[in-house]
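Before looking at individual contacts, it helps to ask how the helices of a chain are arranged relative to one another. Please keep the sequence and the model open side by side while reading.

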Amino acid sequence: MGKKANKAQHPTDAFRKEERKKEIKRNKFQKSQIDEMEAIKKDPTVALKRIKEIEDKERKHGPTEFSERRKGELKQLHQSLMKREKREQEEKQRQERVAEAARARQREQEEVARAAAAAAAALERPQQPHIIAESAPVMDRNMMTLPPGAIPPPPPRGMGGGPMTMPPGSIPPPPPRFLPPGQIPPPPPRPGMGPPGGMPP
């Protein structure tokens, strides 16, 4: 004989079966909550989308205790994620400023080191003698250099109007002195005249 279609189920088995259904439903809901939480952590705008969906259901079927509690949790989660994102962004900017300051100090130290190395190399390099581009003209000891604006004295002449010649054994006159600008030199001594004071030559 076959089994009866409407065979009564044992109350314990029926209870276990109902508990198993509830457990499966609860696990499914928890898994959906975990997946939703992971999606919100990756993109905080997902929380706003879920809140909007809950509000649409409330307008159609009315608010419930679960929907109100879920909206509060999503809002709190969105705010905490936005605050954390702001703190992370500020910390990233601070680290960038610190790194830029460190790079600037390093560049400054490198420039100072290069300048010091260049100065040390310049001190160690042997100094080259100064090369005179134009050689100074050789002047006679009797030639007189007059400052600008001075009138040169006439050359000494002898009795016949020619150049004055020194007798043998005589001492030549001292070289002419430098005259200041604008001063007229004294006239040359006449031939045959001795030195001033009556002293013999």
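The paragraphs below go from the chain as a whole to its helix pairs and then to the residues that are buried.

The model shown is a predicted one, and its secondary structure consists of 3 helices and 0 strands, so that the pattern read along the sequence is α-α-α. Of the 201 residues in the protein chain, 9% count as buried. Among the contacts with a separation of 6 or more, 56% come from residues 24 or more positions apart.

Two packed helices are described by the angle between their axes and the distance between those axes. For helix α2, which covers residues 45–61, and helix α3, which covers residues 65–124, the angle is about 160° and the axes lie 9 Å apart. Because angles over 145 degrees count as roughly antiparallel, α2 and α3 are roughly antiparallel to each other. Their crossing is left-handed. On the side of α2 the contact is made by A47, L48, R50, I51, I54, E55 and E58, and on the side of α3 by S67, E68, R70, K71, L74, K75 and H78. Taken by class, the residues of this contact between α2 and α3 comprise 5 nonpolar, 2 polar and 7 charged.

Helix α1, made up of residues 11–42, also packs against α3, with axes that come within 11 Å and cross at roughly 30°. With angles under 35 degrees counted as roughly parallel, α1 is therefore roughly parallel to α3. The crossing of α1 and α3 is right-handed. Here α1 contributes F29, Q33, E36, M37, I40 and K41, while α3 contributes F66, R70, L74, L77, L81 and R84. The residues of the contact of α1 with α3 divide into 7 nonpolar, 1 polar and 4 charged.

Since α3 takes part in both of these contacts, its own geometry deserves a separate check. At 1.5 Å a residue, the 60 residues of α3 should span 88 Å, and because its end C-alpha atoms are 88 Å apart, the expected and computed values agree.

Which residues of α3 are buried? They are S67, R70, K71, L74, L77, H78 and L81, and what covers them includes α1 and α2. Among these buried residues, R70 and L74 are listed in the contact with α2 and also in the contact with α1. By comparison, S67, K71 and H78 appear in the contact with α2, and L77 and L81 appear in the contact with α1.

Conventions: Residues are numbered from 1 along each chain as its sequence is written. This is a predicted model: local features need pLDDT of at least 70, side-chain atom pairs count only at pLDDT 80 or more; totals for chains, interfaces and linings use all residues. Side-chain values use heavy atoms; hydrogens and water are left out. Axes are lines fitted to C-alpha atoms, for helices over the stretch in contact, and angles run from 0 to 180 degrees between N-to-C directions. Helices (H or I, at least four residues) and strands (E, at least two) are DSSP runs, numbered from the N terminus. Angles under 35 degrees count as roughly parallel, over 145 as roughly antiparallel, 65 to 115 as roughly perpendicular and the rest as oblique. A crossing is left-handed if the near helix is turned anticlockwise from the far one by less than a right angle, and right-handed if clockwise. Contact means heavy atoms within 4.5 Å. Ala, Val, Leu, Ile, Met, Phe, Trp, Tyr, Cys and Pro count as nonpolar, Asp, Glu, Lys and Arg as charged, and the others, Gly among them, as polar. The expected span of a helix is 1.5 Å times one less than its number of residues. Buried means under 20% relative accessible area, exposed over 50%, partly exposed in between (1.4 Å probe, protein chains only).
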